[in-house]
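I opened this entry to look up the pockets and a few backbone details. My notes follow the structure below.

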Amino acid sequence: AKLLLVIGMKTGRWPECHIPDWLLNQKSKIKNQKLLEYIEKLVNRYKNSKAIWAWQIENEPFFPFGECPKISKSFLKKEIDLVKSIDERPVIISDSGEFSFWITAAKLGDIVGTTLHRRVWVKELKIYLTHYWFRPIYYWRKAQIIKKLFNKKVICVELQAEPWGPKLLYDLPIEEQEKTMNLKIFKENIEFAKKTGLDQFYLWGAEWWYWLKEKQNKPEFWREAKKLFQNNS
């Protein structure tokens, strides 16, 4: 497998930021220094791995999601400069697929990473929301703008292939999970992604497919994904 390794403070999976307890009450200057030391150690540890083809620094650093402190553009630049001083592989900066035009991400990263979610739980409104008003061409046009202005490639680093509900998946009944992800929706999301014109997608949900197969005796997602990857290998 070729890996895209996400490093930094904000790296996905709720609550997105997992700051150690011993660091929580420290001043920002100390937190930032410890974060840079952490990133330096990680990159040095894995820089000789042939499996890693790119580093993604932070996860949607400009999108206010999760229980995370704000990440400034100037500090993100320090993170990027640090990684580039150690290793020459490309740096990916990601941003929201639906609520951003990716301009800042394109200015800072070698590659722009976008997300693509179509059914989500909005806790502020306590409702499920479907993004049907976003058409595939919406993502394609934004990618063309980034290519024209910055000559940067856009890839999807997070395509929804698992549920998004009011609780974490291991606390959410199967019936509730299926409101935002079932086999029909999975196939629809794959077809939608193909129509965006982007040519590289990371699917968000492999652990969930495996859990369904191994713990719930529901191997349908695993089999469908297997066909998908075999067809693209």
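Before placing any residue in a loop, I note that helices (H or I, at least four residues) and strands (E, at least two) are DSSP runs, numbered from the N terminus. I also keep in mind that this is a predicted model.

I looked first at the backbone around the loop between β1 and α1, where P15 is found and where E16 lies as well. A cis peptide bond joins W14 and P15, with omega at about 5°. For E16 I noted a positive phi, near 75°, in a residue other than glycine, and E16 is buried, its relative accessible area being 6%.

I then turned to N151, in the loop between α5 (136-150) and β7, whose phi is also positive, near 55°. N151 is exposed, because its relative accessible area of 65% lies over the 50% cut-off.

Next I looked up the largest pocket, which has a volume of about 1200 Å³. I found 35 residues in its lining, with W14, F65, W164, G165 and L168 nearest the centre. Two or more lining residues come from each of β5 (119-122), β7 (153-160) and α8 (206-215). By class, I recorded 18 nonpolar, seven polar and ten charged residues in this lining.

Last came the second largest pocket, which holds about 570 Å³ of space. Its lining has 27 residues, of which G8, M9, I19, K31 and L35 are the closest to its centre. Among the elements that give two or more residues are β1 (3-7) and α3 (73-86), while α2 gives the most, with nine. I recorded this lining as 15 nonpolar, six polar and six charged residues.

Note on methods:
Residues are numbered from 1 along each chain as its sequence is written. This is a predicted model: local features need pLDDT of at least 70, side-chain atom pairs count only at pLDDT 80 or more; totals for chains, interfaces and linings use all residues. Side-chain values use heavy atoms; hydrogens and water are left out. On a 1 Å grid over the protein atoms alone, a cavity is a set of points where a 1.4 Å probe fits but cannot get out, and a pocket is an open set with protein on both sides within 12 Å along at least five of seven lines; lining residues have an atom within 4 Å of a point. Grid points are joined across faces, edges and corners, and a volume is the space filled by probe spheres set on the points. Ala, Val, Leu, Ile, Met, Phe, Trp, Tyr, Cys and Pro count as nonpolar, Asp, Glu, Lys and Arg as charged, and the others, Gly among them, as polar. Buried means under 20% relative accessible area, exposed over 50%, partly exposed in between (1.4 Å probe, protein chains only).
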